Amino acid sequence: MRRTPDRSGPRGPVTVAMCLCVTLVVGMVSAVNLAIPDLSAGPLHPSAQAVVWVVDGYVVVFACLLVPAGALADRRGRKGTLLGGMGVFVAGSAVCAAAPHVGVLIAGRMISGVGAAAVLPNTLALLVDGLPDGPRRRAVAVWAAMTGLAAVLGNVGGGAAIQYGSWRALFVCVVPVALAALVLVAVVAPVAERHPGPVVPLAAALFTGGFLALLNGIVSGPGEGWLSPPVLGSLGAAGLLLAAWARRELRSAHPLLDPRVFARPAVRAGAVGMAVLFLGMFGLFYLNGQYLQYAKGYGPFGAGVRLLPMAAALLAGPRCGLALERWCGRRGAVAAGMLVLAGGLATVSAADAGTPYALYAVGAGLTALGCGTATPLLSHAMMSALPPEAAGVGSGLQSLTRELGSALGIAVTGTLTAAVFTARLPAPLAGPGGPTTVAAAQAALGGLPGRGGELRTAVIGAFTSGLHVATLSLAAGVAVAAGAIYRWMPDAGRGARGSTEGARVTHTK
């Protein structure tokens, strides 16, 4: 029997449960970034490509299964799907904690990603279930702020676990917390109405395969060569699989995600805008832990604590967004937030080993402020543009775009940083077969006589050169995208739901 939700605003226990789940599944994206130096220097000896996959294996599976998980939940029950997802997330974390080599670690991360995909869209769908417009907007703002804040909390909690244990301790600590969240959800979460219909796995398989192939091509490019058969094969396979997915969805009577939904300007602006915001945000998260540990010499916990200004900026962002919306309209507020994020990345791009922490914190804080300002506005615009019965798929779609943006940001940032790093290594370490990570380069220096301090400085310089190129590239991309989003985004009150004639959203109840 379906419980009647409190329509006066976000419900306390339900909000706590949903936010805890969000913190776990989103926080594990950023927390692993702080583990990169410890993992790279440990007995698994991952390559630069493997390090990116340890982070991105989770994110890309998480992203690609979000919409199928939302549709499955609409048709089979949101609460049950969320509980099952938390169970799979726990199992994947346990595999990671015990991984004997890096391949098993990546596999465990992908298993956790499957569980996370079943969790995230249902947290929003259950949180807004039955709420009228005003409380619904506040609930969406709380949820959106928590998805950004979770990334920072993941840094602090993950840093503490790594500082006083190891990268394995991070996964060990997650298991009991996730089990507690599972129990809390079972007790307090409402049972939402089901919408019977077919669940077709082919679309999910094509979509996931396409993005895995795309990321493999991006990550493998520097090492294999951009025109090498493996890289071209991966990129070609990505194109074919994603084209097959779009063709199947357009012809299906019961698509999981009808591509024609992007004909609606608010949906298109929301999807692209959130993808770009999280591309910049999580591209920076990938570099934060490495910069603060390698270049500045902080431990994992110290690095995590020094990212707390980003949490304050993320919390202030939604209020800034509402104020800007009243002053210059929704699309002006979104564009302003994106430009602030781009400015933050540009500030970070000037950082090197001698940069004061305060200046780096300003850049990181501006990046978070821009993300926190624009994300709730984009999220609400997308949800408002879709019919109420498509809440599960709608929340899955916006979560999909956020996580795909995160996955692409990590892949692009990791690829650019690794390419510049290997190109700028000092002569004794450069060349084919040379180290591809800072930890590997520092280990190699132990076998070279003399000039140790000079060479170590050069290795850090090579890393910060990669950081400069990566963050400036991200800043430029976000700034260009802000112009497109400004053109697409309808201002509030202009009829976003029906702004494009003929746009069709197919969703089977």
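How much of the chain do buried residues make up? In this predicted model, buried residues account for 58% of the 509 residues in the chain. The secondary structure is quick to describe, with 17 helices and zero strands. Contacts also reach across the sequence: of those between residues at least 6 apart, 84% join residues at least 24 apart. Let's walk through some places where you can see this for yourself.

A good starting point is helix α11, which spans residues 265-295. Asparagine 288 sits in this helix, and with a relative accessible area of 0% it is buried, because buried means under 20%. Leaving aside residues up to four places away in sequence, asparagine 288 touches Leu307, Met310 and Tyr360.

Tyr360 leads us on to the aromatic rings. The structure holds nine aromatic pairs. One of them lies within a single helix: phenylalanine 207 and phenylalanine 211 are both in helix α9 (residues 201-224), four residues apart, or about one turn of the helix. Their ring centres are 5.1 Å apart and their planes meet at 55°, so the pair counts as tilted. Phenylalanine 207 is buried at 10% relative accessibility, and phenylalanine 211 is buried at 12%. Ring pairs also bring in a tryptophan, linking Phe207, Phe211 and Trp245 into a cluster.

Now compare tyrosine 291 and tyrosine 360. Here the ring centres are 4.6 Å apart and the planes are at 20°, so this pair is stacked. The pair links distant parts of the chain, since tyrosine 291 belongs to helix α11 and tyrosine 360 to helix α14 (residues 357-384), 69 residues apart. Is tyrosine 291 buried or exposed? Tyrosine 291 is buried, at 1% relative accessibility, and tyrosine 360 is buried as well, at 2%.

Tyrosine 291 has a further neighbour worth finding. Threonine 464, in helix α17 (residues 452-488), touches Tyr291, Ala295, Ala351, Asp352 and Ala353, again not counting residues up to four places away in sequence. At 5% relative accessibility, threonine 464 is buried. You can also look from threonine 464 towards threonine 417: the two are 47 residues apart in sequence, with 8.4 Å between their C-alpha atoms.

Next, turn to the empty space inside the model. Rolling a probe the size of a water molecule over the atoms shows where such space is left. Counting those of 30 Å³ or more, there are six cavities. The largest cavity contains about 170 Å³ of space. Its lining is made up of 16 residues, and Ala48, Tyr286, Gln290, Thr436 and Thr437 lie nearest its centre. Which helices each supply at least two residues of this lining? They are α2 (36-41), α3 (48-64), α11 (265-295) and α15 (391-424). Helix α15 gives the most, with four residues. In chemical character, the lining of the largest cavity divides into 10 nonpolar residues, six polar and no charged ones.

Between two of those helices, α2 and α3, there is a loop that holds histidine 45. The phi angle of histidine 45 is near 45°, a positive value in a residue other than glycine. Histidine 45 is exposed, with a relative accessible area of 59%, because exposed means over 50%.

For another partly sheltered position, visit alanine 160 in helix α7 (residues 133-163). Alanine 160 is partly exposed, with a relative accessible area of 22%. The C-alpha atoms of alanine 160 and alanine 303 are separated by 9.5 Å, although these residues are 143 apart along the chain.

Finally, a word on the cysteines. A disulfide is a covalent bond between the sulfur atoms of two cysteines. How many disulfides does a search of the whole structure find? The search finds zero disulfides. Two cysteines show contrasting surroundings: cysteine 96 is buried at 0% relative accessibility, whereas cysteine 328 is partly exposed, with a relative accessible area of 31%.

Notes:
Residues are numbered from 1 along each chain as its sequence is written. This is a predicted model: local features need pLDDT of at least 70, side-chain atom pairs count only at pLDDT 80 or more; totals for chains, interfaces and linings use all residues. Side-chain values use heavy atoms; hydrogens and water are left out. On a 1 Å grid over the protein atoms alone, a cavity is a set of points where a 1.4 Å probe fits but cannot get out, and a pocket is an open set with protein on both sides within 12 Å along at least five of seven lines; lining residues have an atom within 4 Å of a point. Grid points are joined across faces, edges and corners, and a volume is the space filled by probe spheres set on the points. Ala, Val, Leu, Ile, Met, Phe, Trp, Tyr, Cys and Pro count as nonpolar, Asp, Glu, Lys and Arg as charged, and the others, Gly among them, as polar. A disulfide is a pair of cysteine sulfur atoms within 2.5 Å. Buried means under 20% relative accessible area, exposed over 50%, partly exposed in between (1.4 Å probe, protein chains only). Contact means heavy atoms within 4.5 Å. Rings of Phe, Tyr and Trp (its six-membered ring) pair if their centres lie within 6.5 Å; planes under 30 degrees apart count as stacked, over 60 as edge-to-face and the rest as tilted.
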